[in-house]
Every structure is written in C-alpha cells, then in structure tokens.
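Biologist: Before we begin, please show me the sequence and the model. I should then like to put a series of questions about the fold and its packing.

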Amino acid sequence: TAAPTGQQAPPAAGSILLLIDKAEQGPFTSGQVEAMLDAGEITPETLFRRAGMAGWQPLQTAIASGAQ
C-alpha cells in the first residue's frame, strides 16, 4: 500500500523494535508503527531497529529514505 503524498511509510517489517522511554518495546508491524506515529504516541525521533541492523536509528532516517 502506497503512503499518501508527502508521507513515507515507516520501515516495513513484521518485527520492528522501538526504544520508548529507554525500554525496548515490540516487535511491531510497520502498520502499527505508522498508527503510533499518527496518534502521536511516538515521533520521527523515536529510535528503532530490526533484524540485520547494526544499531538503533531514528525513525526519520527510514521515513526520509523511504525504506520498506
């Protein structure tokens, strides 16, 4: 499913981990992460990681790159 114009989808994967209040939470699907962003529960600065990543990165890096 394509993201609305001007809004890129968060990283697509079935197991996205988020660092919220200094605690690892998840795994979440990309749809759950997008809903959390839309609801203001997390921000583009929230750190995430998924399998194969060396470390935590801000969600905005995945949003800006259009990672899927």
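Biologist: What is the order of the four strands in the open sheet?

Modeller: The model is a predicted one. Its chain has two helices and four strands, arranged along the sequence in the pattern β-β-α-β-β-α. The strands form an open sheet with antiparallel pairing, and their order is E2-E1-E3-E4.

Biologist: Which strands lie at the edges of that sheet?

Modeller: In the order E2-E1-E3-E4, an edge strand is one that pairs on one side only. E1 pairs with E2 over four bridges and with E3 over three bridges. The edge strands are E2 and E4, the latter spanning 57-58.

Biologist: How many bridges join E3 to E4?

Modeller: E3 and E4 run antiparallel. Within this pairing, leucine 47 has proline 58 of E4 as its bridge partner. Leucine 47 is also the bridge partner, in E3, of leucine 19. The number of bridges joining E3 to E4 is two.

Biologist: Which residue takes a positive phi in the hairpin of E1 and E2?

Modeller: E1 and E2 pair in the antiparallel sense, and leucine 18 stands opposite glutamine 25 in E2. The hairpin has two residues between the strands. The residue with a positive phi, near 50 degrees, is aspartate 21.

Biologist: Why is E1 described as largely enclosed by the rest of the structure?

Modeller: One residue of strand E1 is isoleucine 16. Isoleucine 16 counts as buried because its relative accessibility is 0%, and buried means under 20%. E1 as a whole is largely enclosed because the number of its five residues that are buried is four.

Biologist: Which element gives the most residues to the largest nonpolar core?

Modeller: The largest nonpolar core has ten residues, including Ile16, Leu18, Ile20, Phe28 and Val33. Two or more residues come from each of strand E1 (16-20), helix H1 (30-39) and helix H2 (59-65). In soluble globular proteins, nonpolar side chains tend to be buried together. The element that gives the most to this core, with three residues, is E1.

Biologist: With which residues is isoleucine 20 in contact, leaving aside its neighbours within four places in sequence?

Modeller: Isoleucine 20 belongs to the largest nonpolar core, as do Met36 and Ile42. Both Met36 and Ile42 are among its contacts. With neighbours within four places left aside, the full set is Gln25, Met36, Ile42 and Thr46.

Biologist: Is threonine 46 buried or exposed?

Modeller: Threonine 46 has its place in the loop between H1 and E3. Not counting residues up to four places away in sequence, threonine 46 touches Leu18, Leu19, Ile20, Gln57, Pro58 and Leu59. Its relative accessibility is 10%, and the cut-off for burial is under 20%, so threonine 46 counts as buried.

Biologist: Which side chains meet in a salt bridge?

Modeller: The count of salt bridges comes to one. Side chains of opposite charge can pair when their charged atoms come close. Here the N to O distance is 3.0 Å, and the side chains that meet are those of glutamate 24 and arginine 49.

Biologist: How many residues apart are glutamate 24 and arginine 49, and which strands hold them?

Modeller: Glutamate 24 counts as partly exposed at 46% relative accessibility, and arginine 49 is partly exposed with a relative accessible area of 27%. The pair links distant parts of the chain, with a separation of 25 residues. Glutamate 24 is in strand E2 (residues 23-28), and arginine 49 is in strand E3 (residues 47-49).

Biologist: What share of the 68 residues is buried?

Modeller: The accessible surface of the chain comes to about 4,200 Å², of which 50% belongs to carbon and sulfur atoms. Of the 68 residues in the protein chain, the buried share is 22%.

Biologist: Over which residues is the pLDDT below 50?

Modeller: The chain averages a pLDDT of 81, and 72% of the residues score at least 70. The stretch with pLDDT below 50 has six contacts in the model beyond near neighbours in sequence. That stretch is residues 1-8.

How values were computed. Residues numbered from 1 in each chain as written. Predicted model: local features only at pLDDT ≥ 70, side-chain atom pairs only at ≥ 80, totals over all residues. Heavy atoms only, no water. Core = buried A, V, L, I, M, F, W, Y, C linked by side-chain atoms within 4.5 Å. Buried < 20%, exposed > 50% of the residue type's maximum accessible area, 1.4 Å probe, protein only. Contact = heavy atoms within 4.5 Å. Salt bridge = Lys/Arg side-chain N within 4 Å of Asp/Glu carboxyl O. Pairing = 2+ DSSP bridges. pLDDT = per-residue confidence, 0-100. Areas by Shrake-Rupley, 256 points an atom, 1.4 Å probe, with all protein chains shown as cover.
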